[in-house]
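User: I should like the structural terms applied to this model explained, each set against its criterion.

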Amino acid sequence: MNILGLSFYYHDSSAALVQDGRLVAAAEEERFSRAKHDSGFPQLAIDFVCKTGGITLHDVDYVVFYEKPFVKFERMLLSAMATFPRSSAVFRESMQRWVTDKLWIKSMMAKKLRVPSSKLLFCDHHMSHAASSFFTSPFSEAAILTVDGAGEWSTATMSVGRENKIEVIKELRFPHSLGLLYSAFTAYCGFEINEGEYKLMGMHPYGKPTMVDKIYELIQVGEDGSLWHDMKYFAYHYSRNSTLTDAFGEHFGRPARDPKQGDKSLDPFYCDMAASIQRVTEEILLKMTGYLHRETGMKRLCMAGGVALNSVANYKILRNGPFDELYIHPAPGDDGGSVGAAYWAYNHLLDQPRGPALDHAYLGSSYSDEEIETFLKRNDIAFEKIEDDEEFFDFVARSLADGYVAGWFRGRFEWGPRALGSRSIIADPRKEEMKEKLNAKIKFREAFRPFAPSVLEERADEFFDFPDPQHHFPGRFMLYVTPVREDKRAVLPAITHEDGSGRLQTVYKETNPAYHRMIERFGEITGVPVVMNTSFNLKGEPIVEDPSHAFNTFSLSGMDFLFMNNYVVRAEAKKKIAETRFTLRHEGDSVTAMVS
Ligand SMILES: [Fe+2]
């Protein structure tokens, strides 16, 4: 049975294909369209997942959309009415978008995909989040927590998953929302919503949580973690341009920071704000998980929703919360809704048995030696190939140990926002100057943002406070920020953040043998089986998908080597070439993707 899951028209559109309970492919549209956070119809991602599954749209049994447009429209309409006339501008604008596009998703999907409307299903937004996590987890039963900005009405849900069913036991409803609270502080500190939350999290160790009490004056929090916002401080329910009112700035004694300043400076006031909202977020999540544990008696917890990308809070839940084990989907944000929607239909609705657990995120496209060599020759790019794997991994490891920075392009690209050793920029974490080099010459981004370490799973505990890594699934998806062991902080200065923490990725031999062996070789040479790993892209661009994107990113940055499979490209070969753009060709009613 073939189930196609789709998420689009908000941000990070994506497609996923579940075949007989197995997730065979999943990808965000932005990787192919090259438009960051692409929210359009994910035609290119659909073509990719179908091609990977060896099917055409004709073979799809059901297409499942990740939310219910009419219910979401009802929420927008009622919220606008409740706040009229303040909401009149946003009301006019969103009415236009909803009436022209969003409400007619069903007929639009039927037409674009040429499938009968009887094959189209709609899953609740938070059920998509819950299903993305539980049905891909290794747990036969677990409590499930989903927390985001807002779905239709829900902003958080608590559920119980047993085998192939999920039962929702509690929900928090719009406009009261932990995700929107965090986003409000993201905007207040001068960062862009849906993009700057990572930056706010990265900034928090530079401040002190001095404003926790003042934040609690804006909200009320129940013992179950339920929230009530005093809406006089917030504007997101009636404005498209601002999330805060002037009263918010007055309450804290300073206005919202100019977004142009947010990226650049570590103003102590906003650093303290970042530390304070991080603390409040963790406290609320611990209340939610505490309640969920008391209510369900479950030992295991699955999480999804955009707030589950807060890897600092995730580790606190693991360490200080009541659950023994956690699972978090590698794409816990709305991109992951496509996977959840497909699994919800397959398991919960159609009553099919559970498929295998998702123990890796390598669900994107890959390129063969032949394709890479053809690309290099066609573009007249000088290269060498090291045929022997051992020799090649030794060459990479020695290059890193010598202080060079490299692009590493190999295997299927990663599902979700993190680079996990398929489309990564890698460097030596023992060299403090690497942080500066990567931020200034390669990623062109804020100096305070930390870099992540990839560590061999079997040796993670030596370097990080992360005992029994094999029991902690989210580590493989880079979803925990853990303390670096005190005696190792001086050994790993380039990946140790201000507060002595690191956002580690545990690398498994079984799921990424090449990346594992390269890091192991680096460890044999240096004594440290850890490399710095950052996503293979320039600031503001999607992560590279094909060799042309990789080569141009390499050429435009200060990287020293580009490794694609076992091919080696040196810095002398840098130049600008035409990048692959995937475009759509319309022939009558049919649409196919083609490379231009
Ligand atoms: Fe969501």
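Analyst: The following exchange takes up the metal site and then one loop residue. The model is predicted, so local features need pLDDT of at least 70 and side-chain atom pairs count only at pLDDT 80 or more, while totals for chains, interfaces and linings use all residues. Residues are numbered from 1 along each chain as its sequence is written, and side-chain values use heavy atoms, with hydrogens and water left out.

User: What makes H125, H129, D148 and D334 donors of the iron ion?

Analyst: Donors are N, O and S atoms within 2.8 Å of the metal (3.2 Å for Na, K and Ca); water is not among the atoms, so sites may look incomplete. H125 (NE2), H129 (NE2), D148 (OD) and D334 (OD) lie 2.1 to 2.2 Å from the iron ion and therefore qualify.

User: Why is the arrangement around the iron ion called irregular?

Analyst: Four donors are tetrahedral if all angles lie between 85 and 135 degrees, and square planar if opposite donors are over 155 degrees apart and all others between 65 and 115; anything else is irregular. The four donor atoms subtend angles of 90 to 169°, which makes the arrangement irregular.

User: Why is H125 called buried?

Analyst: Buried means under 20% relative accessible area (1.4 Å probe, protein chains only). H125 has 0% and therefore counts as buried; D334, at 7%, also counts as buried.

User: How do you know that D428 makes a polar contact with R430?

Analyst: A polar contact is a pair of N or O atoms within 3.5 Å; within protein, one must be able to donate a hydrogen and the other to accept it, and residues adjacent in sequence count only if both atoms are side-chain atoms. The side chains of D428 and R430 meet this at 2.7 Å, and those of D428 and K431 at 2.6 Å. D428 is also buried, at 0% relative accessibility.

Terms used: Tetrahedral: all angles 85-135°; square planar, octahedral: opposite > 155°, others 65-115°. Buried < 20%, exposed > 50% of the residue type's maximum accessible area, 1.4 Å probe, protein only.
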